[in-house]
Amino acid sequence: MAGSRQVGKTTLVDQAAKRCGLPTRYASADEPTLRGAPWVEQQWEAARSLADQAAGEGALLVLDEVQKVPGWSEAVKRLWDADTRAGRPLKVVLLGSAPLLVERGLGESLAGRLEMLRLPHWSLAEMRAAFGWTLEQYLFYGGYPGAAPLVRQPDRWARYVRDSLIEPILSRDVLLLSRVDKPALLRRLLELACAYSGQILSYTKMLGQLQDAGNTTTLAHYLDLLAAAGLVTGLPKYAGGIARRRASSPKLQVFNTALITAQANLSLDQARRDRAFWGRLVESAIGAHLANAASAGDCAVHYWRDRNREVDLVVRAGRTVVAIEVKSGRAPNTLPGMAAFSQAFQPSRTLLVGGDGIDVDTFLTTPVQHWL
């Protein structure tokens, strides 16, 4: 099971373990220093003892932050295959807060042995069910359940998001596990991506904004790392060929609007009064709703632009293509592009979200699969 920090992976597994009633061994590799593969074997042996004592019912082993253990996938493969041959009823759940690294291990060593579950950031429907949030609260405070109790203290909430969410993701999930030659550039790129969420920005323009001696290849790699950690991503341009999509300027998109507001130094009331900022939050929330569905494997998300004609978001699932325009209240900076896109690509469906189209609240509380 993979998903960004603070989306409820550990809580979910803990609740499931209590409900199933099996003896459970829980261990976490979330330590300042990396653990080795022998640690996996030690935890596995302890869980085997529980399974043997429980006779036919078996036991449950939960390994958290498993991507931080060098060689974890090879160790798990060896131990899992040995238990399969022995007929030992040991069930195993692996948790990771760096989805890309977890998926890489599954693809290299564990294909066909385990099922991959992806947990996205919380939706408006989930935050409303858990905390009674309004649409405005969700747009501003985003979908981090752990930060929800702090919204009555906005400054404390913002510090929590910055210090207890963003910083651990960068320092523990990105910098510790991936080669990053310019950590300061990675951090500034995250700040830039949050500030420009919902906007198309070429890598060359990013370099100009960041004023760093890096290159476009480095920026593209760093943006991939930030996307793998569930922070921000670069949506590619929709086009006929994969090569053209990869060569396009990305449309920057946060996975959670809290990443924008926690760094904006604005209160909820101030944000509401700033029409341009609020419009950007609306667009980013809609983009995040789709990007989280894409990270869970439900679809792919793009944008489209041809000269001054643009479609905000293009969602693709198999042969189904849905073009989405967002009417957020911000003044448009391009001429409408839906007609041109429809003529060029014949989408299965076209949607207008906001204004006199689909209500923003309705769109954000409806699973993306419904529109596909």
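The largest nonpolar core of this predicted model has 73 residues, and those with the most contacts inside it are Trp157, Ile324, Phe363 and Leu364. Trp157 gives an idea of how such a residue is surrounded: once its neighbours within four places in sequence are left aside, Trp157 is in contact with Phe140, Tyr141, Ala147, Leu150, Val151, Ala258, Thr261 and Ala262. Apart from this largest core lies another one, of 19 residues, and among its members are Leu61, Leu63, Trp72 and Val76.

These cores belong to a chain with 16 helices and 10 strands. Of the 372 residues in the chain, 49% are buried. When contacts between residues at least 6 apart in sequence are considered, 68% of them join residues at least 24 apart.

Strand S8, which spans residues 320–326, is a good place to continue, since this strand is mostly covered, with six of its seven residues buried. On one hand, S8 pairs with S7 in the antiparallel sense over five bridges, and within this pairing Ala317 stands opposite Thr320 of S8. The hairpin that S7 and S8 form has two residues between the strands, and in this hairpin Gly318 takes a positive phi near 65°. On the other hand, S8 pairs with strand S10, residues 349–353, in the parallel sense, again over five bridges. In this second pairing, Val326 has Val353 of S10 as its bridge partner.

Val326 also leads to an empty space inside the protein, as it is one of the residues that line the largest cavity. How many cavities of 30 Å³ or more does the structure hold? There is one cavity of that kind, and the volume of the largest cavity is about 60 Å³. Its lining is made up of Gly198, Lys251, Gln253, Glu283, Gly287, Asp312, Leu313 and Val326. Strand S5 (251–254), helix H14 (275–295) and strand S7 (309–317) are the elements that give two or more residues to this lining. By character, the lining residues divide into two nonpolar, three polar and three charged.

From Lys251 and Gln253 in the cavity lining one can step across to Thr233, which touches both of these residues and also Leu223, Ala227, Leu252 and Phe255, not counting residues up to four places away in sequence. Thr233 lies in strand S4, residues 232–235. Is Thr233 buried or exposed? Thr233 counts as buried, because its relative accessibility is 15%, and the limit for a buried residue is under 20%.

The loops around helix H15 offer further points to examine. Gly337 is found in the loop between strand S9 (335–336) and H15, and this glycine counts as buried because its relative accessible area is 0%. Leaving aside neighbours within four places in sequence, Gly337 is in contact with Trp304, Arg309, Glu310, Val311 and Glu325. Gly337 and Arg307 are 30 residues apart in sequence, while their C-alpha atoms are 9.7 Å apart in space. Within helix H15 itself one finds Phe345, which is partly exposed, with a relative accessible area of 27%. The C-alpha atoms of Phe345 and Ala323 are 9.9 Å apart, although 22 residues separate the two in sequence.

After H15 (338–345), in the loop that leads to S10, comes Gln346, and its backbone deserves a closer look. Most residues other than glycine have a negative phi. Gln346, however, has a positive phi of about 45° although it is not a glycine. Another such residue is Glu65, with a positive phi near 55°, and Glu65 lies in the loop between strand S2 (59–64) and helix H3 (72–86).

Which of the words buried and exposed applies to Glu65, and which to Gln346? Glu65 counts as buried, because its relative accessibility is 6%. Gln346 counts as exposed, because its relative accessibility is 56% and the limit for an exposed residue is over 50%.

Conventions
Residues are numbered from 1 along each chain as its sequence is written. This is a predicted model: local features need pLDDT of at least 70, side-chain atom pairs count only at pLDDT 80 or more; totals for chains, interfaces and linings use all residues. Side-chain values use heavy atoms; hydrogens and water are left out. On a 1 Å grid over the protein atoms alone, a cavity is a set of points where a 1.4 Å probe fits but cannot get out, and a pocket is an open set with protein on both sides within 12 Å along at least five of seven lines; lining residues have an atom within 4 Å of a point. Grid points are joined across faces, edges and corners, and a volume is the space filled by probe spheres set on the points. Helices (H or I, at least four residues) and strands (E, at least two) are DSSP runs, numbered from the N terminus. Ala, Val, Leu, Ile, Met, Phe, Trp, Tyr, Cys and Pro count as nonpolar, Asp, Glu, Lys and Arg as charged, and the others, Gly among them, as polar. A nonpolar core is a set of buried Ala, Val, Leu, Ile, Met, Phe, Trp, Tyr and Cys residues joined through side-chain atoms within 4.5 Å. Buried means under 20% relative accessible area, exposed over 50%, partly exposed in between (1.4 Å probe, protein chains only). Contact means heavy atoms within 4.5 Å. Two strands pair if DSSP finds at least two bridges between them.
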